[in-house]
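Reader: I am new to this structure and should be grateful for a close look at a single part of it. Please begin from one residue and work outwards.

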Amino acid sequence: MEKNINLGEKTVKLKATGALPRVYRIIFTRDIFKDMAPILQRYQNISVNGDADLNLLEQLGDHDLEILENLTYAMARAADPDIQQLSPLEWLDQFSYRETAALQQEAVLLWVMDNYTIDNPKKKLDLPNVT
């Protein structure tokens, strides 16, 4: 799933596919599912139609904002191979705070839409609780 975000004169392409968790782990040596779970719990009103009140970004802590920056960078890097030559800080440095917030909001929606399923599991698995 890909999305182009227009930020005035700039257009940023974000891409969320099945490879994103692996890309995220390679870049940041972290698990994207563990990182995103607490953030998504705060956004329980997100719908796959893109209807959401994402002004909650202002209420997130520094760690949560860093995770959203990482998510956005990984999605942009997956969409544009030229970004691989830039560190996350160098890439983010080209945007204003408002533009970064807009990109993060779109990244969260794209993440939710890419992970949305309309099918319920047929069998409940008893998996160990990993913390």
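In which helix is the place of Thr72?

Author: Thr72 has its place in helix H3, which covers residues 62–79. The model is a predicted one, and every value below is computed from it.

Thr72 has a relative accessible area of 2%. It counts as buried because that value falls under 20%. Setting aside residues up to four places away in sequence, Thr72 touches Leu14, Trp91, Leu103, Gln104 and Ala107. These partners lead to several other parts of the chain, and they are taken up in turn.

The chain as a whole provides the setting. The protein chain has five helices and two strands, and along the sequence they follow the pattern β-β-α-α-α-α-α. Of its 131 residues, 34% count as buried. Among contacts between residues at least 6 apart in sequence, 64% join residues at least 24 apart. The accessible surface comes to about 8,700 Å², and 48% of that surface belongs to carbon and sulfur atoms.

Consider first Leu14, one of the residues that Thr72 touches. Strand S2 spans residues 10–15, and strand S1 spans residues 2–7; the two pair in the antiparallel sense over six bridges. Within this pairing, Asn6 stands opposite Thr11 in S2. S1 and S2 form a hairpin with two residues between them. In the turn, Gly8 has a positive phi of about 65 degrees.

Three further partners of Thr72, namely Leu103, Gln104 and Ala107, are listed among the buried residues of H5. That list also holds Glu99, Thr100, Ala101, Val108, Leu109, Leu110, Trp111 and Val112. The length of H5 can be checked against expectation: at 1.5 Å a residue, its 19 residues should span 27 Å, and its end C-alpha atoms are 27 Å apart, which agrees.

H5 also takes part in a ring pair. Five aromatic pairs are counted in the model. In one of them, Phe33 and Trp111 are tilted, at 5.4 Å centre to centre and with 50 degrees between the planes. This pair links distant parts of the chain, for Phe33 lies in helix H2 (residues 32–42) and Trp111 in helix H5 (residues 97–115), 78 residues apart. The two members differ in their cover: Phe33 is partly exposed at 44% relative accessibility, whereas Trp111 is buried with a relative accessible area of 4%.

Trp91, another residue that Thr72 touches, belongs to a second aromatic pair. Trp91 and Phe95 are arranged edge-to-face, 5.0 Å centre to centre and with 70 degrees between the planes. Trp91 is buried, with a relative accessible area of 2%, and Phe95 is buried as well, at 10%. Ring pairs join these two residues with Tyr24, Phe28 and Tyr73 in a cluster.

Two members of that cluster bring helix H1 into the account. The buried residues of H1 (residues 20–28) are Leu20, Tyr24 and Phe28. Seen down the axis of H1, these buried residues fall within an arc of 40 degrees, so they line one face of the helix. An α-helix has 3.6 residues a turn, so residues three or four places apart point the same way. The face of H1 turned away from its buried side carries the exposed residues Arg22 and Ile26. After H1 comes Thr29, whose phi is positive, near 50 degrees.

H3 meets the residues of H1 through Asn70. Asn70 has its place in helix H3 and counts as buried at 10% relative accessibility. Apart from its neighbours within four places in sequence, Asn70 is in contact with Tyr24 and Phe28, both of which are buried residues of H1.

Arg25, also found in helix H1, is partly exposed at 45% relative accessibility. Leaving aside neighbours within four places in sequence, Arg25 is in contact with Arg30 and Asp31. Arg25 and Ala74 are 49 residues apart in sequence, while their C-alpha atoms are 9.5 Å apart in space.

To return to the starting point, Thr72 is a buried residue of helix H3. Its listed contacts include Leu14, Trp91 and Leu103, and Trp91 in turn belongs to the cluster of rings that contains Tyr24 and Phe28.

Notes:
Residues are numbered from 1 along each chain as its sequence is written. This is a predicted model: local features need pLDDT of at least 70, side-chain atom pairs count only at pLDDT 80 or more; totals for chains, interfaces and linings use all residues. Side-chain values use heavy atoms; hydrogens and water are left out. Rings of Phe, Tyr and Trp (its six-membered ring) pair if their centres lie within 6.5 Å; planes under 30 degrees apart count as stacked, over 60 as edge-to-face and the rest as tilted. Helices (H or I, at least four residues) and strands (E, at least two) are DSSP runs, numbered from the N terminus. Buried means under 20% relative accessible area, exposed over 50%, partly exposed in between (1.4 Å probe, protein chains only). Contact means heavy atoms within 4.5 Å. Accessible areas come from the Shrake-Rupley method with a 1.4 Å probe; for residues, only the protein chains shown count as cover. The expected span of a helix is 1.5 Å times one less than its number of residues. The arc is that of the directions from the helix axis to the C-beta atoms. Two strands pair if DSSP finds at least two bridges between them.
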